[in-house]
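Q: I'm new to reading protein models and would like a close look at a single part. Could you walk me through the sheet and its surroundings?

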Amino acid sequence: MEISERALAGEVAAGLERLIGLFRSLSPPDGLSLTAAATLATLERSGSQRLTALAVREGVTQPAMTQLIARLQDGGLVRREADPADGRVVQVRLTDQGRDTLARRRAIRADRLAAILARISPEERAALNAALPAIDALTSADRDGGPPPASLPGRAAQFA
């Protein structure tokens, strides 16, 4: 029996809520909010960005993103640079320290997740592995489709 797109969307949304809870529990208590970590990951994936573009991408206001970038810059995780094409425009760039922080966070989560994966059956692990291309397709379709509608909350699912 085939499931409707609306029913599938509801099931996927519920599953994502559970995964977000798991993700939060796996993330190290290093002082980075999920929005901060997601912003660092966006910079890693997409390269330097305008502050306004980051705010739209992460679903926060420009003043909130300005404050977040100031904190990340104070921590050495990002730096601001003049746009080579227009010196009046500021671009935000991930630093090596920011890249290292992301790698460390991912390694900690992977270690914690490996312990959980060891407790489920080989068939369930195989099903998770088989689902990875579909998960990639879902997140790519979202990224390629532009920013979320204004009525949706931030992009908390794209954590680092």
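In what order do the 3 strands of the open sheet lie, and is the pairing parallel or antiparallel?

A: Happy to help! Keep in mind that this is a predicted model. The strands of the open sheet follow the order E1-E3-E2, with antiparallel pairing. At the edges are strand E1 (49–50) and strand E2 (78–83), each of which pairs on one side only. In general, strands of a sheet pair through backbone hydrogen bonds. Between E2 and strand E3 (residues 86–94), the antiparallel pairing runs over 6 bridges. For one place to look, find Ala82, which stands opposite Val90 in E3.

Now for the helices. Helix H2 (residues 34–46) packs on the sheet and touches E1, E2 and E3; the direction of H2 makes about 105 degrees with that of E3. Helix H4 (residues 62–74) also packs on the sheet, touching E2 and E3, and its direction makes about 115 degrees with that of E2.

These elements also share a nonpolar core. The largest such core has 16 residues, and among those with the most contacts inside it are Leu40, Met65, Ile69, Val78 and Val92. H2, helix H3 (51–58), H4 and E3 each supply at least two residues of this core, and H4 gives the largest share, 4 residues. Try zooming in on Ile69: leaving aside residues up to four places away in sequence, Ile69 touches Thr39, Leu51, Leu54, Val78, Arg80 and Val92.

Finally, look at Leu34, which sits in helix H2. Leu34 counts as buried because its relative accessibility is 14%, and buried means under 20%.

Notes: Residues numbered from 1 in each chain as written. Predicted model: local features only at pLDDT ≥ 70, side-chain atom pairs only at ≥ 80, totals over all residues. Heavy atoms only, no water. Pairing = 2+ DSSP bridges. Contact = heavy atoms within 4.5 Å. Axes fitted to C-alpha atoms, helices over the stretch in contact; angles between N-to-C directions. Buried < 20%, exposed > 50% of the residue type's maximum accessible area, 1.4 Å probe, protein only. Core = buried A, V, L, I, M, F, W, Y, C linked by side-chain atoms within 4.5 Å.
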